[in-house]
Amino acid sequence: MDRLSPEQLNPSIYVGLRLSSLQAGAKEAHYLHSLKLSYQQSLLSNDNSDSEAKPSMGQLALYLLALRANCEFVGGRKGDRLVSQLKRFLEDEKGAIGHNHQGHPHTSYYQYSLGILALCVHQKRVHDSVVGKLLYAVEHEQHLQQGHFPVDTLAMAGLAFSCLKLSNLNPNQRNRITVALGRVQEKILKAQTPEGHFGNVYSTPLALQLLMASLRPTVELGTACLKAKAALLASLQHKAFQNPLMISQLLPILNQKSYVDLISPDCEAPRVLLEPATETPSQTQVPGFIHVTLKVSSISPSYRHSVSVPVSSSLEDVLKKAQEHSRFRYGTQASLSGPYLTSVMGKKAGEREFWQLLRAPDTPLLQGIADYRPRDGEAIELRLVGW
Ligand code: B12
């Protein structure tokens, strides 16, 4: 079988499916088998030449969550090596954050939380000092606020804390964990928009996972969650959920589950067989072309060009067209969310920088280049910013 790309071989999809009310029959087992082959091969090989292809800390964590979603505990020599690798990743990140918390993890607090969560659901203890860095970040929130997606990150940190609390793996930090959980919950509730989303539509599934895993449900919490679910259902009707990674974070919620349930997953629970996707008649293709202006001001000389593409083209189609017909250049990297824009006009985003996608003048897009479909007359800006 051809090696599947990260988008195709995505542990988050397996986790989402196993925590949903749906099952994909024999395909599911085949998918897990392919995940195992691919992840174990690249993680356990000593070959460093292809280090670009090695899964990141967060991807290793998601892989361990996928194993647990199949009711497996990591074990044996190979399993122990994976656990040690994840622990080492976390130790390195702890070092990058530093004694006085002045630094940042090389990846993000989101991936740091995923790492702690994955070890926790496998009942593997991490050192108090590793958990302590995440507690500090939540207690002194500016560390998470600097990031662009505080709700997603807070929710993932909260899911890790919920697991630690339930499993009592770090008893010395029990009180601090309880207080931090309360704080996470409060911040997420405060981030609810008038329509009902926590943060934005795409952070709402993780936020709901965390709130539903809450150990002390209150009336206020219940009302907020109901409103958020209604907002999510409305977004579903507007086809906001097309990206498989986003769907994978949403599926558990639709089945009243969260990643914390991976502490003791129910692999016998009945699930309905997923029907193979029938060819949906391609969205009645409206004939014609739209014009989209592409702007880049973060480089000199700045770039501005109008591109004509077929109706319902993606932003990626616009970038391709601009590359074919003007001096525009761009580069991408595959990720679990799809193609991530890494460079524009030869300029690569540096450490803690990224190429932000905006609808001019100043509205950040909520989707990536492969999913976002610009409208006629829109201007899209690519802007190099820090995060
Ligand atoms: C951290 C993060 C970032 C960081 C990533 C840098 C880093 N070193 O970590 C920064 C701030 C740079 C970022 C940027 C963007 N992000 Co972001 N990001 C996240 C977050 C919180 C965690 C991602 C992660 O680590 N996953 C776990 C690891 C194991 O998976 P991974 O695939 O290996 O992770 C990589 C990719 O996720 C990639 N990445 C991050 N964001 C995005 C967004 C898209 C669309 C793609 C294709 C890739 C990508 O960076 C990760 C690290 O290398 C998620 C939250 C979530 N709910 O998933 C949002 C999230 C994925 N991002 C989102 C968005 C919209 C963006 C932007 C498009 C925003 C914009 N207007 O520019 C840009 C990407 C633009 C581009 N250049 O292509 C949305 C995607 C929604 C959707 N419909 O798919 C999410 C869900 C946040 C949200 N609630 O809106 N992001």
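**Entry 1: Lys 295**

Strands here are DSSP runs of E at least two residues long, numbered from the N terminus. With that settled, and keeping in mind that this is a predicted model, I looked up Lys 295 and found it in strand β3, which covers residues 289-296. I then asked which side chain of opposite charge is nearest to Lys 295, and how far away it is. The nearest is Glu 381, at 4.3 Å, and Lys 295 is buried yet has no salt bridge. Because a salt bridge requires a side-chain nitrogen of Lys or Arg within 4 Å of a carboxyl oxygen of Asp or Glu, I did not enter Lys 295 and Glu 381, at 4.3 Å, as a bridged pair. Setting aside neighbours within four places in sequence, I listed the contacts of Lys 295 as Tyr 303, Arg 304, Ala 360, Ile 380, Glu 381 and Leu 382.

**Entry 2: salt bridges**

I noted beforehand that side chains of opposite charge can pair when their charged atoms come close. My search of the whole structure returned nine salt bridges, and I followed up some of them.

Glu 91 bridges to Lys 94, with the closest N and O atoms 3.1 Å apart. Both belong to helix α4 (residues 76-97), and since they are three residues apart, about one helical turn separates them. I recorded Glu 91 as partly exposed, at 36% relative accessibility, and Lys 94 as partly exposed too, at 21%.

In helix α9 I found a salt bridge between Lys 190 and Glu 186, whose closest N and O atoms are 3.6 Å apart; the two residues lie four apart, about one turn of the helix. Lys 190 counts as exposed at 61% relative accessibility, whereas Glu 186 is partly exposed, with a relative accessible area of 42%.

The side chains of Glu 139 and Arg 176 also meet in a salt bridge, at 2.9 Å from N to O. Glu 139 sits in helix α6 and Arg 176 in helix α9, so this pair ties together parts that are 37 residues apart in sequence. Glu 139 is partly exposed, with a relative accessible area of 26%, and Arg 176 is partly exposed as well, at 34%.

I closed this entry with Arg 18, Glu 28 and Arg 271, which are linked in a network of salt bridges.

**Entry 3: helices α5 and α6**

Having met α6 through Glu 139, I checked how that helix is placed. α6 runs over residues 128-139, has 12 residues, and reaches 16 Å from its first C-alpha to its last, close to the 16 Å expected at 1.5 Å a residue. Nine of its 12 residues are buried, so I describe α6 as largely enclosed by the rest of the structure; among the buried ones are Asp 128, Lys 133, Leu 134 and Leu 135.

For α5 (residues 109-121) I noted 13 residues and a reach of 18 Å between first and last C-alpha, again set against an expected 18 Å. How many of the residues of α5 are buried? The count is 12 of 13, and α5 is mostly covered; the buried residues include Tyr 109, Tyr 110, Tyr 112 and Cys 120. After α5 comes Gln 123, whose phi is positive, near 60°.

**Entry 4: helix α1 and Leu 245**

I turned next to helix α1 (residues 11-18), where seven of the eight residues are buried, so this helix is largely enclosed by the rest of the structure. Arg 18, a member of the salt-bridge network, is one of the buried residues of α1. The cover over these buried residues includes β1 (22-23), α2 (26-44), α3 (57-69) and α12.

In α12 (residues 244-254) I picked out Leu 245, which is buried at 8% relative accessible area. Not counting residues up to four places away in sequence, Leu 245 touches Asn 10, Ser 12, Leu 336 and Ser 337. Its C-alpha is 5.6 Å from that of Ser 337, although the two residues are 92 apart along the chain.

**Entry 5: cavity search**

Last, I searched the whole structure for cavities of 30 Å³ or more and found one. The largest cavity has a volume of about 30 Å³. Which residues line the largest cavity? They are Leu 164, Lys 165, Asn 168, Leu 169, Asn 170, Pro 171, Arg 174 and Ile 177, with α8 (150-167) and α9 (174-190) each supplying at least two of the lining residues.

Notes:
Residues numbered from 1 in each chain as written. Predicted model: local features only at pLDDT ≥ 70, side-chain atom pairs only at ≥ 80, totals over all residues. Heavy atoms only, no water. Buried < 20%, exposed > 50% of the residue type's maximum accessible area, 1.4 Å probe, protein only. Lys, Arg positive; Asp, Glu negative; His and termini not counted. Contact = heavy atoms within 4.5 Å. Expected span 1.5 Å × (residues − 1). 1 Å grid on protein atoms, 1.4 Å probe; cavity = no way out; pocket = protein on both sides within 12 Å on 5 of 7 lines; lining within 4 Å. Points joined across faces, edges and corners; volume = space filled by probe spheres on them.
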